[in-house]
Amino acid sequence: MLKKVALSWIDENKSHLVGVSDQIWDFAELGLQEFKSSALLIQELEKHGFNIESGVVGMPTAFVASYGASKPALGIMGEYDALSDLSQKPVTKKKVLVEGAPGHGCGHNIHGTSGMAAAIAVSKALKAQGIKGTVKFFGCPAEETLVGKIFMVRDGVFRGVDAVFSHHPSTMNAARLGSTNALNSVKFQFHGVASHAGASPHRGRSALDAVELMNTGVNYMREHVVQEARIHYVIEEGGGAPNVVPAYASSWYYIRAPERSQVEHIYRWILKIAEGAALMTGTTHSYKFLTGGYNCLNLQTMADLVVKNMREIGTPTYTEEELTFAKEIQKTIPSENIVESLKRSKREDWQNLRDVIIDRTIPEPWGKGEVSGASTDVADVSWQAPTKEFSTATWVLGIPGHSWQIVAMGKSSVAHKSLIFAAKTMAACVLDTMTQPSLLKKMWDELEKAKQGERYVSPLPLDLKPPTDQFHPQ
Ligand SMILES: [Zn+2]
């Protein structure tokens, strides 16, 4: 009955919810600039009796919306940031909507809305049935830049929450058990002396030499760190013209590894290499730590719960028209890339999906022990309380991440159906967790085990402020 109230509310408000997602798709705002998107979500939640705390942790677009005051307190997270230069019309060919503008290339218009819908639906069920408990919607900005949740965690925004659910659009209906890489993002600046590169190079000290020697040092270091580590860099500035010894040069590094302690070890080594590069070149240097995050702890108990609810609710069916649209999108993806992405999903039955456009199956949770190369700030929340981000099939199989195809599908009826399915699944999971103390206890026991005795220490210095003035893509 409890779930029925929540699921019916979602059904009854389907077209309105879809409208919210489409509006956020239209806004397509970058991280920490999601003013219209966050305002829209706040407006909706307020309308349904949620208390709003906005502008949390010095981020104008971060907020917490709460309904209820008693324990247990269940959290739902929503993201709503877009990606730069991905503006695209909702059509099956690459067609820019607004030149140079951002686009929802990771489906966060749906992410924010499915979470919001689930939170409201849960509140309706609590009210109707007189159940004790609190539902909190965490409006999390700037996921793409790994900023929002990491600052929110550092400043205690998730304190007191008993479990957290989140939904991300994807190509599969999945509750994976794998982890993600921990990460540090850091920029290096070298200062040398400018001089005529032909007439008086002996009087110059090249900052670019320092950047290059630092990169060389890091590349030699690679052999001697855990082989799963991923270290990537760009040279942001390397001088203006060859005939002037560059007095200033800068680089930007991402350091990733499966565990936080591994990232920290490599990070400290890289700081020494930077120091060495400055010594070798007679330059000076400084560095700026931008952000850092943990690996994700995914729990079997939560994954099983998601799969159970997904199966009870049932995946959407699609009309001929929807499948034709999806097929046209899938045709723009080389078939070898589709096969490669299916293989990389590590699903046991991936072979069966070779000729599938949109996956309607709900597999058992999989991927225990796997670590994805990417990173997410959901991971930091997973160290505070049992946390599960699951996905629903929103896009065609094989679709590349952060692509025009994702933007194009973000407003389609296939995506809308996925949003509704996800919102229902999340509401059901939250209600189950809220009303079954033994389930919640099982989640906490499993979380303690997953931590392996490690304690979460925020990678962010205490005085570091959210980078509201800069954009740095994931
Ligand atoms: Zn995303």
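**Exercise 1. How many of the 10 residues of β9 are buried?**

Solution. Keep in mind that you're looking at a predicted model.
- Step 1: find β9, which covers residues 248-257.
- Step 2: check each residue against the cut-off, where buried means under 20% relative accessible area.
- Step 3: count them up. Nine of the 10 residues in β9 are buried, and the strand is mostly covered.

**Exercise 2. Work out the strand order of the open sheet that holds β7, β8, β9 and β10, and say which strands stand at the edges.**

Solution. Go pair by pair.
- Step 1: start with β8 and β9, which run antiparallel and are joined by seven bridges. As a landmark, Val234 stands opposite Trp252 in β9.
- Step 2: move on to β9 and β7, an antiparallel pair with 10 bridges. Here Leu183 has Arg256 of β9 as its bridge partner.
- Step 3: finish with β7 (residues 182-191) and β10, again antiparallel, with nine bridges between them. Look for Phe188 sitting opposite Tyr287 in β10.
- Step 4: string the pairs together and you get β8-β9-β7-β10, an open sheet of four strands. β8 (230-237) and β10 (284-293) each have a single partner strand, so one side of each has no neighbour in the sheet. On average, neighbouring strands are turned by 15° against each other, direction ignored.

**Exercise 3. Which strands do helices α6 and α7 touch or lie across?**

Solution. Take the helices one at a time.
- Step 1: α6 (residues 207-221) lies across β7, β8 and β9, and runs at about 20° to β9.
- Step 2: α7 (residues 260-281) packs on the sheet and touches β7, β8, β9 and β10. The direction of α7 makes about 10° with that of β7.

**Exercise 4. Which protein residues are the donors of the zinc ion, and how are they spaced in sequence?**

Solution. Begin at the metal and work outwards.
- Step 1: the protein donors are Cys106 (SG), His108 (NE2) and His168 (NE2), at 2.1 to 2.3 Å from the zinc ion.
- Step 2: written as a pattern, their spacing is C-x1-H-x59-H.
- Step 3: now check the cover. Cys106 and His108 are both buried.

**Exercise 5. Why does the radius of gyration of the protein agree with that of a compact globule?**

Solution. Compare two values.
- Step 1: for 474 residues, a compact globule would come out near 23 Å.
- Step 2: the protein has 23 Å, so the two agree.
- Step 3: add some context. The C-alpha trace spans about 80 × 45 × 40 Å along its principal axes, and 58% of the 474 residues count as buried.

Conventions:
Residues numbered from 1 in each chain as written. Predicted model: local features only at pLDDT ≥ 70, side-chain atom pairs only at ≥ 80, totals over all residues. Heavy atoms only, no water. Pairing = 2+ DSSP bridges. Helix = DSSP H or I, 4+ residues; strand = E, 2+ residues; numbered from the N terminus. Axes fitted to C-alpha atoms, helices over the stretch in contact; angles between N-to-C directions. Contact = heavy atoms within 4.5 Å. Buried < 20%, exposed > 50% of the residue type's maximum accessible area, 1.4 Å probe, protein only. Donors = N, O, S within 2.8 Å, 3.2 Å for Na, K, Ca; no water. Rg over C-alpha atoms; globule rule 2.2 N^0.38 Å.
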